[in-house]
Amino acid sequence: MSNLPAPIPQDGSDQKDSRVASGSLPQTAQRSHGKPNSAKVPLYMQTNGSKVLVRRPKRKDDGALKSLTRWFVNNQIGLSCNLVALLFLTHSMPRARDYTSKFFTLSYYNPATEKYFLGSDDWYLIAFFIVVLTGLRAGIMEYALAPFARASGVHKKKDIVRFSEQGWLLVYYSFFWPLGVYIYRTSTYYLSLHDLWKEWPNREMDGLMKAYTLAQLSFYLQLLIVINIEERRKDHWQMFSHHIVTSTLIYAAYREGHTRVGNLILVLMDVVDIFLPFAKCLKYLGYKTICDVMFAVFMVTWFIARHIFFPMAIYSVWAHTLLYMNGCFYGRDLDGPHPPPANDTWLYIARPLWDTDAPVCFNHNFRNGFFGMLFFLQILTVMWFYLIIRVAIKVVKGGGAEDTRSDDEADELDDQDEYVYEEAQPLEEEVGADEIDLKSWERRAARGKRSTTTATGVSLPGHSDRKELLGRIGCEKQVD
């Protein structure tokens, strides 16, 4: 079929097209069901003057905020490098070092115990980590992973972006999961659910545990920024909820003195995030068989870590916590236990999240809230595992392992999409039927027909038909 625009009736029978001919045009037109090529709107509209209105899809979220996020996405590397360079330049000034050093050093060191406490100054380091992770992610994706994908035969822009995103996750988790395992393996609570809760509240920690926890918190906060400024995926709200819950749990565990169980949960969650990105990278590179094998390893790892060991940790929250933790402790010296304040129903539990000097408390209310958030996280993992099983069934039936959770929302047609028309200079001028050299056009069409038939073996009929030609350019009524 030809891609020429539909004819504009000359008899005024169509009110909409007669408005077009007079220069009064609707600004938008609803997209029809089906593929974009089946949209029931013309590619352009002719005005009375020497200009035409060219159709383009309308962006629903055009505006200042979208332009700002698009600018941020396109300038992540430069923005991050400039901020880090400005910070170190400022740090070179002696008077500023008391302030700038908070951005890249651990705060609240206690020489007596050789451990670190916590406080509001930790947010300086979190902000620094977010900026560094943003720059590292964009830099590694653009200058390492994307060129590697192109060199490996990946040519589609969408696939290169997906490969780069999954490659970055593989790089990140390949570093932080072994680090988390090392911390867990060398701890006093290794393979003991009861020891997770003993010696609470342990609000002081060694430097490695503090840096690990703050870096993980920064990573999930940075993910919250990324998923809201980049193209949204099908599972946007599930991922958004997951990152909110995970960030809240890490922060609450850090502030309330539960870094032990926080370390365990991160180890259980992060292990599967090594195998899934690896499998996806293999898929984009075309290694289908190895991808399917790695996907099977990912499924087994997911089930063991998130549906056996993680529920055991959730059970321990419900069954073991009140055996070792109850009451409130005051001050950095952790004087207690004392009964919880009688006049603060729930607020005393949350106050340590923003007030370092507030009493740290644990009772059945805190346990129920902690248990509820972990259980919600488990529900999300069950939903995702259902989708994973669907992919596994597809593989067994002969298809390839393909994760459908993270496609762009833009990849699916939205029936409510609209078109707008922009003014543009026409490439050709409108002429009457008498001015057309039909004989010359037919000779060119015949040569084109012979060339097309020879090259492709396919003939496009009708192009030498004079009546059809006149109909296509809007002159059908004049031809008998």
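**Figure 1. The whole chain, with residues 24 or more positions apart accounting for 73% of the contacts that have a separation of 6 or more.** A contact here means heavy atoms within 4.5 Å. What you're looking at is a predicted model, where local features need pLDDT of at least 70, side-chain atom pairs count only at pLDDT 80 or more, and totals for chains, interfaces and linings use all residues. Residues are numbered from 1 along each chain as its sequence is written, and side-chain values use heavy atoms, with hydrogens and water left out. The protein chain holds 16 helices and nine strands; these are DSSP runs numbered from the N terminus, helices being H or I with at least four residues and strands being E with at least two. Of the 480 residues, 41% are buried. Buried means under 20% relative accessible area, exposed means over 50%, and partly exposed is in between (1.4 Å probe, protein chains only). The protein chain exposes about 27,300 Å², and carbon and sulfur atoms supply 59% of that; areas come from the Shrake-Rupley method with a 1.4 Å probe, and for residues only the protein chains shown count as cover.

**Figure 2. An open sheet of three strands, in the order 7-6-8.** The pairing is antiparallel, and two strands count as paired if DSSP finds at least two bridges between them. Strand 7 (335-338) and strand 8 (360-362) sit at the edges, each pairing on one side only. From one strand to the next, the twist averages 15°; the axes behind that are lines fitted to C-alpha atoms (for helices, over the stretch in contact), with angles running from 0 to 180 degrees between N-to-C directions. Strand 6 (residues 327-330) pairs with strand 7 over two bridges, and Tyr-330 has Asp-335 in strand 7 as its bridge partner. Strand 7 also contains Pro-337, and the peptide bond leading into Pro-337 from Gly-336 is cis, with omega near 5°.

**Figure 3. The disulfide between Cys-328 and Cys-361.** Their sulfur atoms are 1.9 Å apart; the rule for a disulfide is a pair of cysteine sulfur atoms within 2.5 Å, and the count by that rule comes to one. Which hand does the disulfide of Cys-328 and Cys-361 have? The torsion about the S-S bond is about 115°, so it's right-handed. Cys-328 is in strand 6 and Cys-361 in strand 8, so the pair ties together parts that are 33 residues apart in sequence. Both of these cysteines are buried. As for Cys-291, its sulfur is 9.8 Å from the closest cysteine sulfur, in Cys-281, which is too far for a bond. Cys-291 is buried too, with a relative accessible area of 3%, whereas Cys-81 is partly exposed at 48%.

**Figure 4. The largest nonpolar core, with 66 residues.** A nonpolar core is a set of buried Ala, Val, Leu, Ile, Met, Phe, Trp, Tyr and Cys residues joined through side-chain atoms within 4.5 Å. Phe-219, Phe-310, Phe-370 and Leu-374 touch the most other members, and helix 6 gives the most to this core, with 10 residues. Leaving aside neighbours within four places in sequence, Phe-370 is in contact with Trp-197, Leu-249, Val-261 and Val-317. There's also a second, separate core of 14 residues, which includes Val-271, Phe-298, Met-299 and Trp-384.

**Figure 5. Two helix residues, Gln-166 and Tyr-251.** Gln-166 lies in helix 6 (residues 157-185) and is buried, with a relative accessible area of 9%. Not counting residues up to four places away in sequence, Gln-166 touches Pro-277, Lys-280 and Cys-281. Tyr-251, found in helix 8 (residues 236-256), is buried at 19%. With the same sequence neighbours left out (up to four places away), Tyr-251 touches Trp-123, Leu-217 and Leu-353. Tyr-251 and Leu-217 are 34 residues apart in sequence, yet 6.8 Å apart in space, C-alpha to C-alpha.

**Figure 6. Backbone oddities in the loops around Glu-199 and Tyr-108.** Most residues other than glycine have a negative phi, and most peptide bonds are trans. In the loop between helix 6 and helix 7, Glu-199 has a positive phi, near 60°, and is exposed, with a relative accessible area of 61%. That loop between helix 6 and helix 7 (207-229) also holds Pro-201, and the peptide bond from Trp-200 to Pro-201 is cis, with omega near -5°. Tyr-108, in the loop between helix 4 (97-100) and strand 4 (109-110), has a positive phi near 65° and is partly exposed at 23%.
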